[in-house]
Amino acid sequence: MSSQTQPASSGQERDSADLARFGYSQELKRSLGLFSSWSVAFSYISPSTGIFTLFFLGLTTIGGVFIWTWPVVALGQFIVALNFAEVASHYPVAGSVFQWTKYMASRTYAWFTGWMYLFAGILTVTSVVATIPLALIPALNGLGWHSLNVASLNTNLVIALITLVVITVLNIYGVRLVSIINNTGVVFEILGMFVFALVLLAFHNHQGFSVVTNSAGLPVTPSTFLAAMFMSLFVIYGFDTAATLAEETRDPRRAAPKAVLYFLLGTLVAIPNMGVAVKNAWGPAQIIEANFSTPFATLYLLVVSAAIFVCCLSIMAATIRLCFGMSRDNQLPGSKFLAKVSPSLHTPVWTCIAVACIAAIPFIQFSGAATIAIAATGIIYLSYFLGNIVIMRARLRGWPRTPAPFRLGRWGMLVNILALVYGGAMLVNFAWPRAASNPKPNQTNGLLHLNFLDGVPILWTVVIFIVLIGAIYYLAVGRTKEFAPVVSPAEDDAPLAGSGAAPPA
């Protein structure tokens, strides 16, 4: 027994010592192994969640052709992930994009990047808890709860809020508990994405493989293709989650950069009538119910609901660690309380509660998961783009001069340039005013209509509001606060941003 305990203990001491070289003590419990770290990143990406949230958008825009948006987005995001993986290997500390920009840019730039990324994470929590009713309500109907209506915003809202409370409590009770559920959740994700997809392909192939070229009479143009991308864009982000939980991962320098991509063909070929599905904006739940008996459809939807629930857990865990990482550096309002870690639970309890409370705010004027999901994804892409700009600037100045376990070598500059080109193009796509993906308030249901904002696309309003609130706080209070020094290990590159000390008052 001692021979098994000794290597684990020495490994954790090594990882804690590694963290200490960045100027931080080990407060969070380091209990995640390679599979758990991979599971968290995989659960954050959760193809099940993205497909159930925005499948209807792709289908009603260009029909079955929207499947081709998947490889385009997957390739672009893989390039971004490669760039981030090298940085994560140098700086395996809680906070991902915020931490990386902190080491490579000015204090102000890093603060605004972290601020935008934090709110993108919080909005993602909101959008995913709002997605679970789309699978759970049809499943409960199959179990006999026929009074529940998936089209009712009030019913969706109640289930979303209950989910938010449950995942908050689970995160408070520790990342190890979350990781156990996550590891189990990967099984549900694989069942939902592969096993049931194979069943659909083998026994419920109504469309044939030509469905991938069937637009159901809808025009396929560059503009409509870009709009149809939003389901794929929502699915494939969050690959930095394993890095965000790096302080709770054993050997994080090798375990951090993990992510997986999957496919949609089984759902598309199982559509009984493409015209009906497009006209009625079918999602996966309707396609499942149209193909399977009630018991089998209910089982499938329960499996998917479990996968989405695990996705909720992972996203909240990652957002909590980002908030904790910024608070530990005295970057946020109320940092003193947000940075406290419970000595018994080894989790930042007040941060868990704060993230949950802010994530609940969009439910005051709830208009469905899709609107929130698009806003969250747009801000995530903005944060990634800001991070890639800083990494490019660092590369131009000679970074990295020292090797890390994961490195791009001479390919680093090319990968960085491609990541910026892709990210910039997608930002234009997000910001483009269109009813399908960036509507004005008067084009939606459920949103509070203010006369002076009726003509402004929603994403513009959300971004401007978050930036404005952040600017007011930073200029009034944040820039005069004493931040934690920026420290890197002696054998690694020196921080490119200076000491990080506050300017004289």
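The accessible surface of the protein comes to about 19700 Å², and carbon and sulfur atoms account for 69% of that area. These values were computed on a predicted model, and the description below moves from the surface to the buried pairs.

One nonpolar patch on the surface, of about 320 Å², is made by Leu143, Trp145 and Leu302. Leucine 302 belongs to helix 17, which covers residues 294–328, and this leucine counts as partly exposed because its relative accessibility is 33%. Helix 7 spans residues 132–142 and has eight of its 11 residues buried, so this helix is largely enclosed by the rest of the structure. The buried positions of helix 7 are Ile132, Pro133, Ala135, Ile137, Pro138, Ala139, Leu140 and Asn141. Just after helix 7, glycine 144 adopts a positive phi of about 110°.

Taken as a whole, the protein contains 22 helices and zero strands, and 59% of its 505 residues are buried. Among contacts with a separation of 6 or more, 82% are between residues 24 or more positions apart.

Two salt bridges are found in a search of the whole structure, and they are set out here with the elements that hold each partner.

| Acidic residue | Basic residue | N to O distance | Separation along the chain |
|---|---|---|---|
| glutamate 86, helix 4 (residues 69–90) | arginine 395, helix 20 (residues 369–396) | 2.9 Å | 309 residues |
| aspartate 329, loop between helix 17 and helix 18 | lysine 102, helix 5 (residues 97–104) | 2.7 Å | 227 residues |

In the bridge between glutamate 86 and arginine 395, glutamate 86 counts as buried because its relative accessibility is 1%, and arginine 395 is buried with a relative accessible area of 8%. In the bridge between aspartate 329 and lysine 102, aspartate 329 is buried at a relative accessible area of 1%, while lysine 102, at 6% relative accessibility, also counts as buried.

Aromatic side chains supply a further set of contacts, with a count of 14 aromatic pairs. One of them joins phenylalanine 230 and phenylalanine 430 in an edge-to-face arrangement, with 5.0 Å centre to centre and 90° between the planes. This pair links distant parts of the chain, since phenylalanine 230 lies in helix 11 (residues 230–235) and phenylalanine 430 in helix 21 (residues 412–431), 200 residues apart. Both phenylalanine 230 and phenylalanine 430 are buried. Elsewhere in the sequence, Trp111, Phe112, Trp115, Phe119, Tyr473 and Tyr474 are linked by ring pairs into a cluster.

Key. Residues are numbered from 1 along each chain as its sequence is written. This is a predicted model: local features need pLDDT of at least 70, side-chain atom pairs count only at pLDDT 80 or more; totals for chains, interfaces and linings use all residues. Side-chain values use heavy atoms; hydrogens and water are left out. Helices (H or I, at least four residues) and strands (E, at least two) are DSSP runs, numbered from the N terminus. Buried means under 20% relative accessible area, exposed over 50%, partly exposed in between (1.4 Å probe, protein chains only). Contact means heavy atoms within 4.5 Å. Accessible areas come from the Shrake-Rupley method with a 1.4 Å probe; for residues, only the protein chains shown count as cover. Patches are made of residues with over 30% relative accessible area and no salt bridge: like charges are joined within 9 Å, nonpolar side chains (Val, Leu, Ile, Met, Phe, Trp, Tyr) within 5 Å. A salt bridge is a side-chain nitrogen of Lys or Arg within 4 Å of a carboxyl oxygen of Asp or Glu. Rings of Phe, Tyr and Trp (its six-membered ring) pair if their centres lie within 6.5 Å; planes under 30 degrees apart count as stacked, over 60 as edge-to-face and the rest as tilted.
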